[in-house]
Amino acid sequence: ILSEGIRALEEKKHKYSEDYALLSIMRNLSIRYNATLKIPIISQAAKSDAQAAIKADSENLRAYVAAGVQDYFTPALYGGGSAYEQYFLQALALPDQTQENPYQPSWGREDAYFYLIIHYYNQGLCNKAKDLLVEALAIYPQESRLLDLADQMKKHGRL
């Protein structure tokens with residue numbers, strides 16, 4: 001299914017920021033289903049798509065989420081892991097949509113929260129992680145990944 005979606009977006013003649021952001025996210029998801037030798041190629045394509053999404057619309061929250069996800073999962077050895085915090089913080093600073101339209105995408109903010117909370121927690125910045133989790137749960141009280149993080153932090157006495 002991912003391959004079909006990626007192929008459909010690749011074939012689209014006029015891509016917008018939303019197309020590039022979604023394509024980047026889909027490529028990153030597809031990595032786990034591909035041969036090891038293909039991973040660097042797919043990862044580089046996902047990075048290029050995320051950068052194209054930002055270039056096409058620097059106010060698109062999902063473009064920064066896509067760039068953040070790509071950097072988050074790229075090992076430092078291959079140039080990753082250095083910019084995702086900035087990308088996710090930028091995503092949180094932007095509105096869900098640049099134009100209010102019920103037919104336009106509005107996803108992504110919960111992803112930025114999720115990865116930032118994990119990052120801060122892993123860095124030992126537990127109060128920062130806790131504050132961000134409380135903020136995120138106020139907006140997304142039913143988001144399962146955030147609820148799981150809350151449970152884990154409670155188990156470890158961090159919430």
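**Figure 1. A buried glutamate and its arginine partner.** At 18% relative accessibility, E143 counts as buried, because the cut-off for that word is under 20% relative accessible area. E143 forms a salt bridge with R145, and the closest N and O atoms of this pair lie 3.1 Å apart. The partner, R145, counts as partly exposed, with a relative accessibility of 25%. If you are new to such pairs, it helps to know that side chains of opposite charge can pair when their charged atoms come close. Please keep in mind, here and in every view below, that the model is predicted.

**Figure 2. Charged pairs elsewhere in the model.** The structure holds seven salt bridges, and this view picks out some of them. D49 forms one with R27, where the closest N and O atoms are 2.5 Å apart. This pair links distant parts of the chain, since D49 sits in helix α3 (residues 39-56) and R27 in helix α2, 22 residues apart. Are D49 and R27 buried or exposed? Both D49 and R27 are buried. Look for E10 as well: salt bridges that share partners join E10, R27 and D49 into one network. Another pair to find is D19 with K12, whose closest N and O atoms are 2.8 Å apart. D19 counts as buried, at 12% relative accessibility, whereas K12 is partly exposed, with a relative accessible area of 31%.

**Figure 3. The two sides of helix α1.** Which residues of helix α1 (residues 2-11) are buried? They are G5, I6 and L9. Seen down the axis of α1, these buried residues fall within an arc of 100°, so they line one face of the helix. That buried set packs against α2. Turn your attention to the other side of α1, and you will meet E4 and E11, which are exposed.

**Figure 4. The buried side of helix α5.** Helix α5 (residues 84-93) has Y84, Y87, F88, A91 and L92 as buried residues. They cover an arc of only 135° around the axis, which puts them on the same side of α5. What covers the buried residues of α5? The cover includes α3, α4, α6 and α7. The face of α5 turned away from its buried side carries Q86 and A93, both exposed.

**Figure 5. Where helices α4 and α6 meet.** Helix α4 (residues 61-73) and helix α6 (residues 109-122) pack at an angle of about 35°, and their axes are 9 Å apart. The crossing of α4 past α6 is left-handed. From α4, the contact is made by L61, V65, V69, Y72 and F73, while α6 brings R109, D111, A112, Y115 and I118. Sorted by class, this contact has eight nonpolar residues, two charged ones and no polar ones.

**Figure 6. A closer look at R109 in helix α6.** R109 belongs to helix α6, and among the residues through which that helix meets α4 you will find R109 too. Is R109 buried or exposed? At 10% relative accessibility, R109 counts as buried. Not counting residues up to four places away in sequence, R109 touches L61, A91, L92, L94, P95, D96 and Y140. You have already met some of these neighbours: A91 and L92 are among the buried residues of α5, and L61 is one of the α4 residues in the contact with α6.

**Figure 7. The surroundings of N28 in helix α2.** N28 has its place in helix α2 (residues 17-30). At 16% relative accessibility, N28 counts as buried. Which residues is N28 in contact with, leaving aside its neighbours within four places in sequence? The answer is A46, A66, V69 and Q70.

**Figure 8. Two distances along and across the chain.** Begin with K47, whose place is in helix α3. K47 counts as partly exposed, at 38% relative accessibility. K47 and Q70 are 23 residues apart in sequence and 6.2 Å apart in space, C-alpha to C-alpha. Next comes N127, found in helix α7 (residues 126-139). N127 counts as exposed, at 60% relative accessibility. From N127 to A46 the separation is 81 residues in sequence and 32 Å in space, C-alpha to C-alpha. A46 and Q70 may look familiar, as both are in contact with N28.

Technical notes. Residues numbered from 1 in each chain as written. Predicted model: local features only at pLDDT ≥ 70, side-chain atom pairs only at ≥ 80, totals over all residues. Heavy atoms only, no water. Axes fitted to C-alpha atoms, helices over the stretch in contact; angles between N-to-C directions. Helix = DSSP H or I, 4+ residues; strand = E, 2+ residues; numbered from the N terminus. Left-handed = near helix turned anticlockwise from the far one by under 90°. Contact = heavy atoms within 4.5 Å. Nonpolar A, V, L, I, M, F, W, Y, C, P; charged D, E, K, R; others polar. Buried < 20%, exposed > 50% of the residue type's maximum accessible area, 1.4 Å probe, protein only. Salt bridge = Lys/Arg side-chain N within 4 Å of Asp/Glu carboxyl O. Arc of directions from axis to C-beta.
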